[in-house]
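Dear colleague,

Please find the structure below, handed over for your study. A short account of what was found in it follows.

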Number of protein chains: 4
Amino acid sequence: MSLYIPKDVSYREKVSESFSRQEVMKTIGVSIVSIELGQVELVFKHDTKLTQQHGFIHAGIITTVLDSACGYAAFSLMPEDSSVLTIEFKTNLLSPAMGEKYLAVGRVKKPGKTITVCDGELFAFLDDQKKLIATMTCTLMTLSNKERGIKG
Amino acid sequence: MSLYIPKDVSYREKVSESFSRQEVMKTIGVSIVSIELGQVELVFKHDTKLTQQHGFIHAGIITTVLDSACGYAAFSLMPEDSSVLTIEFKTNLLSPAMGEKYLAVGRVKKPGKTITVCDGELFAFLDDQKKLIATMTCTLMTLSNKERGIKG
Amino acid sequence: MSLYIPKDVSYREKVSESFSRQEVMKTIGVSIVSIELGQVELVFKHDTKLTQQHGFIHAGIITTVLDSACGYAAFSLMPEDSSVLTIEFKTNLLSPAMGEKYLAVGRVKKPGKTITVCDGELFAFLDDQKKLIATMTCTLMTLSNKERGIKG
Amino acid sequence: MSLYIPKDVSYREKVSESFSRQEVMKTIGVSIVSIELGQVELVFKHDTKLTQQHGFIHAGIITTVLDSACGYAAFSLMPEDSSVLTIEFKTNLLSPAMGEKYLAVGRVKKPGKTITVCDGELFAFLDDQKKLIATMTCTLMTLSNKERGIKG
């Protein structure tokens with residue numbers, strides 16, 4: 001059960017639709033696990049084409065998926081005809097990203113009319129073990145589409 | 001002329017060699033512009049496969065290239081037989097990333113035996129205009145390869 | 001019940017003793033609420049001498065108390081004859097700090113031999129209401145006192 | 001010569017006036033060195049009452065002064081009848097803060113209608129040597145006073 005009352009009852013559709021327009025998600029191979037009010041989970045598989053020099057997933061790719069998870073967690077609480085913009089984020093890398101697949105969880109910590117703050121966690125799965133790999137704090141902004149003339 | 005005296009005279013070779021093992025750099029299409037002691041510049045072209053929902057380069061991809069630029073700037077000052085590990089970074093997104101190509105500049109702000117702090121800037125080039133798109137602060141660690149049994 | 005096995009059984013005494021040497025804690029009026037393995041809570045009262053231009057507690061003072069809470073949470077897990085050093089932190093300000101008193105909770109997110117990452121939360125209490133005011137992510141380092149010739 | 005055209009010609013007066021209402025600046029002993037469009041410098045002397053357990057200035061006090069320097073650098077570029085709010089900041093601690101006095105420099109990196117990003121640097125002065133101690137990245141917001149019914 002969610003803590004939030006939706007400002008946009010089509011929050012699942014709008015998140016899915018916007019996600020499907022993020023071409024980079026296809027490049028990384030990310031798919032949606034769940035969309036709840038204020039929480040979005042994304043998953044992707046290990047792929048050599050995403051690695052750094054030691055064969056781990058590059059910290060920036062982890063950040064890419066965490067930013068989308070946090071962004072869509074924030075977007076799920078925003079009113080119709082608005083879009084979401086990342087102002088800044090910080091990622092802490094806790095362990096090398098070496099798994100079979102990776103789960104990114106983005107959660108709203110503090111929603112706001114203009115500014116929303118989210119927390120993200122990335123987990124690696126290896127041999128049925130789940131391990132915390134990275135954390136994110138992400139600050140996002142709600143923009144009115146009318147002012148910008150764009151799609152959310 | 002550099003401010004630094006190299007601890008490893010083969011710093012250019014070791015940075016190039018490590019960079020060539022970052023598979024994700026090939027996926028994004030990044031190449032090295034320059035390697036100086038404490039400063040590395042990387043470049044990549046706009047590519048639809050790297051975009052978010054509005055057609056801009058995804059903030060996480062910007063971060064990926066900035067992290068590599070900062071990481072190799074730090075690595076250029078490290079002694080032989082050491083490797084570089086990113087502890088954390090923060091990215092501020094200043095303007096939408098819409099250009100023909102993008103330049104990432106990573107610079108050592110404070111080198112240290114264990115901890116090195118770098119600053120990064122990402123610029124977009126469009127119609128001969130250069131625009132600052134994002135900034136990074138990145139904290140990195142020097143690891144001894146002997147302790148780890150790995151390649152830098 | 002704690003998740004951790006103490007590396008230093010005198011962890012409460014060493015945290016208290018180090019805290020008592022932080023002169024700035026007296027200036028702000030901070031006292032210890034609790035010291036557990038990997039978690040420290042600190043409290044202070046509203047005081048006009050700590051305010052910014054609108055009468056709220058200055059974000060930097062909030063950060064000072066959160067940094068000490070996180071630092072001592074990390075320190076509680078460190079071995080004897082070591083000291084704790086803050087490498088960096090990030091604070092998000094979620095609501096204006098206007099209360100009768102403030103509680104800072106520092107918690108270890110990921111302990112490590114060299115690097116420890118902590119999360120902090122600052123709450124304001126006003127009319128029996130508890131409100132989240134600020135969050136922190138803090139990266140800390142364990143230093144050996146033998147190498148440094150100092151007290152923890 | 002400044003890069004900026006003032007939106008409020010009384011920017012020096014409004015910064016000074018707001019600074020004088022920050023009670024915590026008196027507690028720390030901070031005074032204004034200079035106010036330029038997009039750049040503010042503040043200074044304070046070493047004082048035992050601001051120290052952590054090893055006798056250095058506490059990282060949070062450094063952050064307090066850097067946040068005010070960055071905040072007023074941003075405020076100097078804002079229109080009349082607006083006030084400045086810190087959304088978040090990150091501080092990297094580069095060297096122990098042990099000096100006779102400390103200079104905080106806050107500089108606007110990217111001004112904006114709603115969001116402004118600033119960089120800060122804190123220097124220690126000891127025996128006529130100037131040393132970089134800490135850096136900050138700070139994200140701030142412009143608020144309309146009409147909407148809030150308050151003073152800037």
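**The sheet and its strands**

In chain D, strands β1(D) and β2(D) run antiparallel and are joined by 5 bridges. Within this pair, Ile35(D) has Val40(D) of β2(D) as its bridge partner. Please note from the outset that the model is predicted.

The next pairing in chain D involves β2(D), residues 39-45, and β4(D), residues 101-110, which are antiparallel and connected by 7 bridges. Here Gln39(D) is matched with Arg107(D) of β4(D) as its bridge partner. β4(D) also pairs with β5(D), residues 115-126, in the antiparallel sense, and this pairing counts 9 bridges. Across it, Lys101(D) stands opposite Phe125(D) of β5(D). These two strands, β4(D) and β5(D), form a hairpin, with 4 residues between them.

How many strands form the open sheet to which these pairings belong? There are 12, drawn from chains C and D, and their pairing is antiparallel. Their order is β1(C)-β2(C)-β4(C)-β5(C)-β6(C)-β3(C)-β3(D)-β6(D)-β5(D)-β4(D)-β2(D)-β1(D). The edges are formed by β1(C) and β1(D), both covering residues 31-36, and each of them pairs on one side only. On average, neighbouring strands of the sheet are turned by 20° against each other, direction ignored. In a regular strand, side chains alternate between the two faces of the sheet.

A helix of chain C also meets this sheet: α1(C), residues 11-20, packs on it and touches β1(C) and β2(C). The direction of α1(C) makes about 155° with that of β1(C).

**Helix α3(D) and residue Lys14(B)**

Helix α3(D) comprises residues 59-75, which is 17 residues. At 1.5 Å a residue, the helix should span 24 Å, and its end C-alpha atoms are indeed 24 Å apart, so expectation and model agree. The helix is mostly covered, with 17 of its 17 residues buried.

In chain B, Lys14(B) belongs to helix α1(B), residues 11-20. Is this lysine buried or exposed? Lys14(B) is buried, because 22 other C-beta atoms lie within 10 Å, and 20 or more are required for a residue to count as buried. Lys14(B) and Glu121(B) are 107 residues apart in sequence, and their C-alpha atoms are 23 Å apart in space.

**How the chains meet**

Between chains A and B, 29 residues of chain B are in contact with 29 residues of chain A. On the chain B side, the elements that give two or more residues are α2(B), residues 23-28, α3(B), residues 59-75, and β3(B), residues 82-93. Of these, β3(B) supplies the largest share, 8 residues. By character, the chain B side divides into 8 nonpolar, 15 polar and 6 charged residues.

Strand β3(A), residues 82-93, pairs with β3(B) in the antiparallel sense over 5 bridges. One of the matched pairs joins Phe89(A) to Thr91(B), its bridge partner in β3(B).

Lastly, chains A and C may be compared. Chain A is superposed on chain C by a rotation of 180° with 0.0 Å of shift along its axis, at an RMSD of 0.0 Å. The two copies are therefore related as by a two-fold rotation axis. Moreover, 100% of the interface residues of chain A are also interface residues in chain C, so the copies meet through the same surface.

With kind regards

Key
Residues numbered from 1 in each chain as written. Chains lettered and ligands numbered in written order. Predicted model: local features only at pLDDT ≥ 70, side-chain atom pairs only at ≥ 80, totals over all residues. Contact = placed C-beta atoms within 7 Å. Nonpolar A, V, L, I, M, F, W, Y, C, P; charged D, E, K, R; others polar. Pairing = 2+ DSSP bridges. Expected span 1.5 Å × (residues − 1). Buried ≥ 20, exposed ≤ 12 C-beta atoms within 10 Å, placed from the backbone. Least-squares fit on C-alpha atoms with pLDDT ≥ 70 in both. Axes fitted to C-alpha atoms, helices over the stretch in contact; angles between N-to-C directions.
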